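Hi,

Here is the structure I promised to pass on. Have a look, and my notes are underneath.

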Amino acid sequence: MAAEKTERVMPREGSTEIHADTKGSKAVRIILITLSVLFLFIMLVMPLITVIYESFRKGFGEYLKAVTDDETVGALLLTLEATVIAVIINTVFGLFAAWAISKFRFRGKKFLVTLIDLPVTVSPIIAGLIFVLTFGRQSFLYSYLEEIDFMIVYAVPGIILATVFVTFPFISREILPVLEAQGTDEEEAAALMGARSFTIFRKITLPHIKWALIYGIVLCAARAMGEFGAVSVLSGHLRGQTVTLPLQVEILFGDNKYMPAFAVSSILMIMAVVILIVRSIVEFIGRRKGEE
Amino acid sequence: MKRKKRIIPGFGISMGVTLTLLSLMVLIPLASLVVFTSKMSFSEIWNVITRPRVLASFRVSLITALIASLINAVMGVILAWVLVRYKFPGKRILDGMIELPFALPTAVAGIALTSLYSDSGWIGSIFAKFGIKIAYTRVGITIALIFIGIPFVVRAVQPVLEKIDPLYEEAAGILGASRARTFRKVILPELYPAIFTGFGLAFGRCLGEYGSVVFIAGNQPYETEITPLIIMSELQEYDYSSATAIALVMLLAAFIILFLVNLIQIRNTKILKGGN
């Protein structure tokens, strides 16, 4: 959409290929490509190779033993639980928020958008801190929580809250630009012709935002699984109870159990790589649909 | 408020769900920070944040985040340029890889970098021969922050670079400007807002980063102790007021950065949309 606009503002004849004499020398090109590849290799690929190398250093048997360890499996289940809840809550929020912001005019819209983005701009440690202040010992809520025996800080609910918080805007953020670019004409037409709200959403809005939604969910899941700082503040590190996979990595590494720490890391790394591949596929399909 | 009747249904419910979830998840927890702060006096806060150890952590955090973001600003422009302007095998993989720091859990990145750059690690051992230590020094912190900040500048510059019309470069070339001069005088000025946006976002993220840094930092007070780590240790000692006071300084810094980035971004969107 934006591309069309540029086209109109700056009409151009012929191809979009850059003219031969502005292409720059071949040497510069080779140097820059080499520099980029080297930089990314050292900064991104080598850490990944390290994780794999260290995981299998003592053989496959030891690796299997490390990843099927009871504490690790427990941590994996807790991580998945927090991730699923975060994805569900943030998807519901993302859909409603993006709908409200893109389809209606109201005062304070900009402010609302800023508030929604707030969780990703604060440090994860501060994200953890605010939940400790809200539900921790010095909070006035603490005595009520104690009465009904519902612990949040240093317990599973705290971990889930922290995870939802740090991934809060992830889905609305992906959908919103798509909905805003699409405008409101189609929905207005459908509403005038008598379509009910859910029908409008399902038949008109959803097809537009499908890929953005999937991408948002993927991003949200990735961040939720890997969240470390905020969860670390709220966890209390009770082994086998409030330890997620990233925290398990920290515990093992701190105990000088390097091989198991990397083995657990490898699970998270595989998830991250899968997420990147899904992201590339979703983006590729989305772009092709956009071009059609 | 309701001057015109809304045609599209669902305003009430979508606004209701949005505000309810936003309040529960974000506003109430943040409000507790305000409430807690209001119980403290200004001198109390001031005493905490001017402790030598806290001031040293501000310095460490600022310097390492600044250096890392500057390196990422330069590398980000180069990467964006390579990805937009050149065609070469493996480009798509390179492009997809940029997001890795977002997808890879910070703790994993942290231990991997620590093991790479420690004296016995693949990269660390090379430097150790020359007597240079990387892990457990500020250099190590900077490397972890470079890792975290890679996507920001690249992803901010890429779309702008794609939109820049080669026509101007052709004109500059025809008028006799060298490639380097064209880049400096024609392309770079167009990229400045995007570079600054990416730099600002990376800088903000680096200031608050915890997971990837704690492992490689060594966490020596006054030397390699970053501000988020101080907050963490105050919390472990149940010293909530000190933690809150230091967190306020961090929040203030984050908001200032965000404000500046937003100012620049308004200009940036104008360029992206093809205006002047």
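Below is what I found, starting with the basics.

This is a predicted model, with local features needing pLDDT of at least 70, side-chain atom pairs counting only at pLDDT 80 or more, and totals for chains, interfaces and linings using all residues. Residues are numbered from 1 along each chain as its sequence is written, chains are lettered from A and ligands numbered from 1 in the order written, and side-chain values use heavy atoms, leaving out hydrogens and water.

On the interface: chain A and chain B bury about 8,700 Å² between them, 79% of it on carbon and sulfur atoms (buried area is the accessible area, 1.4 Å probe, that two parts lose on being put together, summed over both). Chain A puts 100 residues into the contact and chain B 94 residues, where contact means heavy atoms within 4.5 Å.

Now salt bridges (a side-chain nitrogen of Lys or Arg within 4 Å of a carboxyl oxygen of Asp or Glu). There are 15 over all chains, and the count between chain A and chain B is one. A:Arg279 pairs there with B:Glu99, their closest N and O atoms 3.2 Å apart. Inside chain A, A:Asp255 and A:Arg239 also form a salt bridge, at 3.1 Å from N to O.

One helix pair, too: A:Ala127, A:Ile130, A:Phe131 and A:Phe135 in helix 6 of chain A meet A:Leu161, A:Ala162, A:Phe165 and A:Val166 in helix 8 of chain A. (Helices are DSSP runs of H or I, at least four residues, numbered from the N terminus.)

Cheers

Key: Helices (H or I, at least four residues) and strands (E, at least two) are DSSP runs, numbered from the N terminus.
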